[in-house]
Amino acid sequence: MVRQNWRRFKTVTGYRTKNKEQSPPTQPSPLRGEGKGGGGSLWVSARPLLIPLWLSLLFLPFKGLNAALIFFVVSSVSIVLLRYLLRYKKLLMQGLETLSKKTRYSLFVTNYSLPIVRYGLLLFLVILPFLVRDYFLDVAVLAGIYIILALGLNVVVGFAGLLNLGFVAFYAIGAYTYALLNTKCGIDFWPALPFSIGLTTVSGFLLAIPALRLRGDYLAIVTLGFGEIVRLILNNWDSVTRGPNGISGISPPVILSISLGKLSYYYYLVLIFVLLTVFITKRVYSSRIGRAWIAIREDEIASSVMGINITMYKLYAFAFGAFWAGLAGAIFAGKMQFVSPESFTFMESVLIVCMVILGGLGSIRGVILGAVILVLLPEILREIQMYRMLSLGAGLVLLMIFRPQGLLGGKGVSLRC
Amino acid sequence: MLSFALCAFFLVKSFMFLQQLINGLTLGSVYALIALGYTMVYGILELINFAHGEIYMLGAYLGIIFLAFFTAIGLTSYSLSLALILTFVLSILFCSSYGFTIEKIAYKPLRNAPRLSPLISAIGVSIFLQNYVMLTQGATDKVFPNLFGAAGFEFISVRMTYLQLFIILTSIIVMIALRFFIRKTRMGKAMRAVAQDKTMASLVGINIDTVISITFIIGSGLAAVAGLMVAMYYGLVNYFIGYIAGIKAFTAAVLGGIGSIRGAMFGGIILGLVESLGASYISSEYKDAYAFVVLIIILLVKPGGLFGKAELEKV
């Protein structure tokens with residue numbers, strides 16, 4: 001019976017499996033469906049309600065009868081509405097298509113090449129501190145740090161096609177290196193930065209050397225394990241990292257004996273680093289190395305036949321991604337003046353992966369957009385902050401089903417391995 | 001005198017070792033139950049079902065909820081064993097339904113997608129379920145009523161509670177039943193066929209969708225049993241227990257050779273032993289890290305797992 005509900009759900013909501021034609025076994029025979037389902041008009045009209053009924057039944061033990069009933073009513077109404085809307089599906093889809101085409105065209109493709117838009121945007125970013133409150137500037141700094149992180153992960157996931165679920169470990173190494181160098185040895189931000197980035201890059205190398213022998217999904221799990229191990233070490237190595245209490249009293253960067261502790265100064269620092277990141281990743285993307293990455297992502301065997309040293313280029317991708325994570329980590333430590341293992345959980349890794357996937361794998365503009373959206377959204381919608389992770393999870397599933405290439409992902413860019 | 005003291009010392013040491021062995025066995029049989037779900041799904045779909053740990057967590061929560069419900073209507077005081085059996089049955093049913101629904105919603109549309117898409121979808125489901133439970137049940141620890149107490153029996157100063165015995169025995173019975181199901185029944189045969197070759201299986205008239213659904217239902221049921229038993233064992237349940245338990249069970253599955261039923265059983269038990277011995281002899285702070293270290297070493301040294309390809313008994 002549930003099987004049929006599902007089939008019904010698909011017809012009701014237009015929810016469809018991809019490549020249906022390629023998998024005849026997954027397509028049930030229409031005769032059987034008719035034989036079972038056609039049992040009177042009441043039954044037919046009630047059938048769309050079976051999915052809400054099933055889901056609210058699942059919901060029942062967790063929140064009690066009242067909530068389940070409310071859930072049932074809400075979801076039934078929305079399904080009926082959806083069905084009503086789907087009558088105009090074609091029209092709606094056309095409208096959406098043109099809208100998205102237009103917006104994408106106008107917002108993200110042509111106009112960017114126009115110098116006036118480009119410099120206008122830059123000017124806007126430069127004068128931003130004079131326009132907005134400190135609170136918003138704080139969010140902007142955070143968004144900048146996440147953009148650097150997401151661009152770094154984009155190198156690994158988007159360019160080279162290697163899913164890294166422990167990216168936050170590199171971020172943590174970068175942040176802790178600066179924090180320790182600063183608080184224990186009294187080294188300033190700028191001399192400490194190369195150490196921070198260097199150590200992170202080296203650890204990226206060290207992780208990649210053994211891990212790259214593994215196939216895609218195993219690689220993901222091993223990187224996840226690496227992330228957890230780093231977090232556990234930070235949490236338990238009390239004598240050095242001070243455990244869950246974290247390290248406080250990190251001094252912010254100083255330029256020409258001016259401390260950048262002030263928020264607007266820090267904003268400019270982050271802005272410069274973001275622009276640097278965008279510039280360099282873009283250049284590397286279109287270089288020989290970048291093309292090799294894309295070739296590996298698209299077809300590993302074919303690219304090895306073409307003479308690309310796969311292991312070497314994957315190593316580069318890992319180390320190059322880790323490089324940016326180290327930078328972001330140091331900036332983060334300088335901004336917060338405090339680091340603790342709490343900032344480097346698995347959820348943080350997932351959040352960064354979400355940014356990359358939401359925006360569009362391999363697309364630099366897309367990744368920036370994804371990072372900005374995921375940082376701004378919970379800030380704007382304060383009241384839904386509780387549901388932030390919930391909707392993030394659901395969003396990941398929906399994204400994978402309906403738009404695996406992300407918001408601004410180009411053609412042919414997809415997850416492969 | 002000295003030799004006597006040394007003897008006594010080693011005797012005490014070995015008792016401690018035995019004690020840890022029993023603790024590890026208890027833990028390991030729970031891991032094995034969860035690992036079976038991973039390995040079955042991987043055997044058929046080649047998907048790391050990241051949400052499987054959350055099903056286990058749901059099982060623990062459902063156990064607490066149903067037991068509280070039965071206590072409220074007075075069934076527990078009337079007959080404790082009936083209430084417990086009903087709790088088990090209901091939790092298994094609900095978890096199986098959850099597993100079934102998750103497969104239909106999050107994995108089925110991605111069956112022909114690139115390999116990483118369903119993995120990311122699974123991570124999404126995992127996050128969703130964690131927060132779903134947190135929002136509906138609250139972020140604080142839930143307490144499972146202590147039904148058995150600390151009653152147990154002692155054998156030359158090695159102590160085993162009845163609960164531990166119950167957990168180990170239940171796991172063994174469930175595993176034997178599963179083995180029987182897969183080897184002897186028609187559906188089990190179909191599962192093995194689908195694991196070997198999906199297209200061929202569908203050509204000989206096996207309904208792949210049904211087989212996959214059944215796999216998820218059985219795997220989730222096993223996870224529910226594991227969750228309930230852990231809730232009883234530790235007495236405390238939280239919404240994030242699924243993530244770490246899931247990773248550990250996955251490690252167990254890989255350790256034994258993923259896709260292999262026997263491998264999952266032994267992998268789980270070995271991992272449980274490693275963890276409890278490591279916690280008592282090396283450091284208990286890094287208890288959760290052992291699984292990851294084992295996982296990384298296994299994947300690097302022998303990616304096929306202990307029961308590697310030679311006698312791969314896929315589901």
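This is a short tour of a predicted model, going from chain A as a whole to one helix pair and then to the contact with chain B.

Start by selecting chain A. Its secondary structure consists of 18 helices and 4 strands. Of the 417 residues in chain A, 39% are buried. Among contacts in this chain between residues at least 6 apart in sequence, 77% join residues at least 24 apart.

Next, select residues 134-159 and 310-336 of chain A, which are helix H7 and helix H15. Their axes lie 8 Å apart and the packing angle is about 170°. Angles over 145 degrees count as roughly antiparallel, so H7(A) is roughly antiparallel to H15(A).

Now show the side chains where the two helices meet. On H7(A) the contact residues include Val141(A), Ile145(A), Ile148(A), Leu149(A) and Phe159(A). On H15(A) they include Phe318(A), Phe320(A), Trp324(A), Ile331(A) and Lys335(A). Colouring by class gives 19 nonpolar, 2 polar and 1 charged residues in the contact of H7(A) with H15(A).

Then bring chain B into view and select the contact between the chains: 43 residues come from chain A and 47 residues from chain B. On the side of chain B that touches chain A, the elements giving two or more residues are helix H2 (52-72), helix H4 (80-107), helix H5 (116-137), helix H9 (208-234) and helix H12 (287-301) of chain B. Select H5(B) for the largest share of this side, 15 residues. Coloured by class, the side of chain B that touches chain A shows 30 nonpolar, 10 polar and 7 charged residues.

Terms used. Residues numbered from 1 in each chain as written. Chains lettered and ligands numbered in written order. Predicted model: local features only at pLDDT ≥ 70, side-chain atom pairs only at ≥ 80, totals over all residues. Contact = placed C-beta atoms within 7 Å. Nonpolar A, V, L, I, M, F, W, Y, C, P; charged D, E, K, R; others polar. Axes fitted to C-alpha atoms, helices over the stretch in contact; angles between N-to-C directions. Parallel < 35°, antiparallel > 145°, perpendicular 65-115°, else oblique. Buried ≥ 20, exposed ≤ 12 C-beta atoms within 10 Å, placed from the backbone.
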